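Reader: I am new to reading protein structures, and I would like to go through one slowly with you. Could we look at it together?

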Amino acid sequence: VQLQASGGGLVQPGGSLRLSCAASGIIFSINTMRWYRQAPGKQRELVAFITSGGMTNYINSVKGRFTISRDNAKNTVYLQMGSLKPEDTAVYYCNAPYRGHDYWGQGTQVTVSS
């Protein structure tokens with residue numbers, strides 16, 4: 001199983017970024033996919049997930065600003081992030097629970113700063 005995350009970068013407050021995570025080695029279409037983040041000195045936290053049926057959920061701090069989506073034809077999950085705040089600065093990881101294991105991408109840095 002491989003998860004390849006991309007799309008991070010430096011953005012000003014109020015800006016937008018779209019993260020992508022391409023998956024291989026799993027039956028993507030039936031798999032729940034998750035985005036986590038970890039800020040310096042803080043625990044990793046679940047930001048959003050999307051089920052195989054398209055149901056989504058978000059932590060309160062990103063509701064209305066972030067949107068998780070998936071393209072089963074491309075085996076890719078996305079995290080569209082808008083109205084970014086400095087407190088969104090973190091390394092973002094995609095995650096796939098699959099056959100009793102948790103698989104992680106390599107992480108992509110998002111820095112929100114003026």
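Reader: Over the face of which ring does Arg-70 lie?

Author: A charge is said to sit over a ring if NZ of Lys or CZ of Arg is within 6 Å of the ring centre and within 35 degrees of the ring normal. By that rule Arg-70 lies over the face of Phe-28, at 4.6 Å from the ring centre, and Arg-44 lies over the face of Trp-104, also at 4.6 Å from the ring centre. Before we go on, please keep in mind that this is a predicted model, in which local features need pLDDT of at least 70 and side-chain atom pairs count only at pLDDT 80 or more, while totals for chains, interfaces and linings use all residues. Residues are numbered from 1 along each chain as its sequence is written, and side-chain values use heavy atoms, with hydrogens and water left out.

Reader: How should I read a sheet, and what is the order of the strands in the open sheet here?

Author: Strands of a sheet pair through backbone hydrogen bonds, either parallel or antiparallel. Strands are DSSP runs (E, at least two residues), numbered from the N terminus, and two of them pair if DSSP finds at least two bridges between them. The open sheet has four strands in the order 1-3-8-7, with antiparallel pairing. Strand 1 (2-6) and strand 7 (66-71) stand at the edges with a single partner strand each, so one side of each has no neighbour in the sheet. On average, neighbouring strands of this sheet are turned by 15° against each other, direction ignored, where the axes are lines fitted to C-alpha atoms and angles run from 0 to 180 degrees between N-to-C directions.

Reader: How many bridges join strand 7 and strand 8?

Author: Strand 7 and strand 8 (residues 76-81) pair in the antiparallel sense over six bridges, and in one of these pairings Phe-66 has Met-81 in strand 8 as its bridge partner.

Reader: Which strands pair with strand 9?

Author: Strand 4 pairs with strand 9 in the antiparallel sense over five bridges, and Gln-38 stands opposite Val-91 in strand 9. Strand 11 runs antiparallel to strand 9 and is joined to it by three bridges, with Tyr-92 opposite Thr-108. Strand 10 (residues 101-104) pairs with strand 9 in the antiparallel sense over four bridges; here Tyr-98 stands opposite His-101, and Asn-95 has Trp-104 as its bridge partner.

Reader: What is unusual about phi in the turn, and where is Arg-99 placed?

Author: Most residues other than glycine have a negative phi, and most peptide bonds are trans. Arg-99, however, has a phi near 50°, a positive value in a residue other than glycine, and its place is in the loop between strand 9 and strand 10, which form a hairpin with two residues between them. With 69% relative accessibility, Arg-99 counts as exposed, since exposed means over 50%, buried under 20% relative accessible area, and partly exposed in between (1.4 Å probe, protein chains only). Asn-75 also has a positive phi near 50°, lies in the loop between strand 7 and strand 8, and counts as partly exposed at 27% relative accessibility.

Reader: Which residues have the most contacts inside the largest nonpolar core?

Author: A nonpolar core is a set of buried Ala, Val, Leu, Ile, Met, Phe, Trp, Tyr and Cys residues joined through side-chain atoms within 4.5 Å. The largest one has 30 residues, and those with the most contacts inside it are Trp-35, Leu-79, Met-81 and Tyr-92. Strand 9 gives the most to this core, with five residues, and seven of the nine residues of strand 9 are buried. If contact means heavy atoms within 4.5 Å, then Met-81 touches, among others more than four places away in sequence, Leu-17, Phe-66, Tyr-92 and Val-110.

Reader: How is an aromatic pair described, and how many are there?

Author: A pair of aromatic rings is described by the distance of the centres and the angle of the planes. Rings of Phe, Tyr and Trp (its six-membered ring) pair if their centres lie within 6.5 Å, and planes under 30 degrees apart count as stacked, over 60 as edge-to-face and the rest as tilted. The count comes to two aromatic pairs. Tyr-93 and Trp-104 form an edge-to-face pair, 6.3 Å centre to centre with 90° between the planes. Tyr-93 lies in strand 9 and Trp-104 in strand 10, so the pair ties together parts that are eleven residues apart in sequence. Tyr-93 is buried, with a relative accessible area of 15%, whereas Trp-104 counts as partly exposed at 34% relative accessibility. Together with Tyr-36, these residues form one aromatic cluster.
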